[in-house]
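Please report on the fold, the enclosed space and the charged contacts of this protein chain. Keep it brief.

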Amino acid sequence: CSYPVVLVHEDTVNAYADGKAIYITTGMMRFVESDQELATVIGHELAHNAMDHMKAKNINRAIGTIFDVVAAAYGVNTQGAFGDATGQAYSQEVESEADYVGVYALALGGVDTKGVANLWRRMGAEMVGIKTQYGASHPGSTDRFIAIESTTAEVTDKVINMQPLTPNLKKQ
């Protein structure tokens with residue numbers, strides 16, 4: 001968890017991770033309504049770093065770029081389409097995993113996870129681009145809310161039953 005959190009002076013409501021740090025925009029800082037909501041955003045981005053999501057994305061992009069280069073050798077300018085497409089491969093799954101692991105990160109950090117899904121509901125209501133799932137880089141807001149509520153219940157059940165707060169990740 002030793003990733004620095006960097007404030008980016010941008011009005012857009014956004015946060016992102018690059019494998020080395022977590023970046024939160026001033027727009028996101030204005031958007032969040034509580035410390036819990038800010039912790040939720042940071043937990044999500046922390047999960048991206050902890051799960052090496054950027055490394056996987058860069059490997060996928062490199063593989064696609066090879067196809068762009070081969071196409072260019074045959075005189076076809078793909079304008080990086082293969083690299084872009086493969087860089088986004090599995091992006092909804094990666095975002096869902098970051099939501100899931102992020103809730104565990106919050107619980108392990110002593111943050112109350114009850115109600116954390118409400119941040120994503122508010123974002124879905126105010127950010128038209130993330131309402132739908134098809135073709136988007138993030139899960140649809142309804143699916144996301146339900147999954148995070150389910151994760152919160154899972155974490156709560158583990159706390160009540162004095163089980164380790166370890167995410168039940170699928171074997172790759």
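The report below goes from the overall fold to the cavities and then to the salt bridges.

**Overall fold**

The model is predicted. The protein chain has seven helices and three strands. Along the sequence they run β-β-β-α-α-α-α-α-α-α. Of the 172 residues in the protein chain, 38% are buried. Contacts between residues at least 6 apart in sequence include many long-range ones: 56% of them join residues at least 24 apart. The accessible surface of the protein chain is about 10,300 Å². Carbon and sulfur atoms hold 59% of that surface.

**Cavities**

Where is empty space left? Rolling a probe the size of a water molecule over the atoms shows this. The count comes to two cavities of 30 Å³ or more. The largest cavity has a volume of about 40 Å³.

Which residues line the largest cavity? The lining consists of T40, H44, D99, G102, V103, L106, W120 and I148. Two elements give two or more residues each to this lining, α2 (35-50) and α5 (91-108). Helix α5 gives the most, with four residues. By class, the lining has four nonpolar residues, three polar ones and one charged one.

T40 is one of the lining residues and lies in helix α2. Is T40 buried or exposed? T40 counts as buried, because its relative accessibility is 6% and the cut-off for buried is under 20%. Beyond its neighbours within four places in sequence, T40 is in contact with L106, V116, L119 and W120. Two of these partners, L106 and W120, also appear in the cavity lining.

**Salt bridges**

The whole structure holds five salt bridges. Three of them are set out here.

| Pair | Closest N to O distance |
|---|---|
| E33 and R122 | 3.3 Å |
| R144 and E95 | 4.0 Å |
| R144 and D99 | 2.7 Å |

Take the pair E33 and R122, whose side chains meet in a salt bridge. E33 lies in the loop between α1 (26-31) and α2, whereas R122 lies in helix α6 (residues 117-126), so the pair ties together parts that are 89 residues apart in sequence. How do the two ends compare in accessibility? E33 is exposed, with a relative accessible area of 61%. R122 is buried, at 17%. The pair also belongs to a wider group: E33, E37 and R122 are linked in a network of salt bridges.

R144 takes part in the other two bridges of the table. With E95, the closest N and O atoms are 4.0 Å apart. R144 lies in helix α7 (residues 141-160) and E95 in helix α5, so this bridge ties together parts that are 49 residues apart in sequence. Both R144 and E95 are buried.

R144 also meets D99 in a salt bridge, at 2.7 Å from N to O. Here too helix α7 is tied to helix α5, because R144 lies in the one and D99 in the other; the parts are 45 residues apart in sequence. R144 and D99 are both buried.

**Where the two topics meet**

D99 links the cavity and the charged contacts. D99 is among the residues that line the largest cavity, and D99 forms a salt bridge with R144. Helix α5, where D99 lies, gives the most residues to that lining.

Technical notes:
Residues are numbered from 1 along each chain as its sequence is written. This is a predicted model: local features need pLDDT of at least 70, side-chain atom pairs count only at pLDDT 80 or more; totals for chains, interfaces and linings use all residues. Side-chain values use heavy atoms; hydrogens and water are left out. On a 1 Å grid over the protein atoms alone, a cavity is a set of points where a 1.4 Å probe fits but cannot get out, and a pocket is an open set with protein on both sides within 12 Å along at least five of seven lines; lining residues have an atom within 4 Å of a point. Grid points are joined across faces, edges and corners, and a volume is the space filled by probe spheres set on the points. Ala, Val, Leu, Ile, Met, Phe, Trp, Tyr, Cys and Pro count as nonpolar, Asp, Glu, Lys and Arg as charged, and the others, Gly among them, as polar. Buried means under 20% relative accessible area, exposed over 50%, partly exposed in between (1.4 Å probe, protein chains only). Contact means heavy atoms within 4.5 Å. Accessible areas come from the Shrake-Rupley method with a 1.4 Å probe; for residues, only the protein chains shown count as cover.
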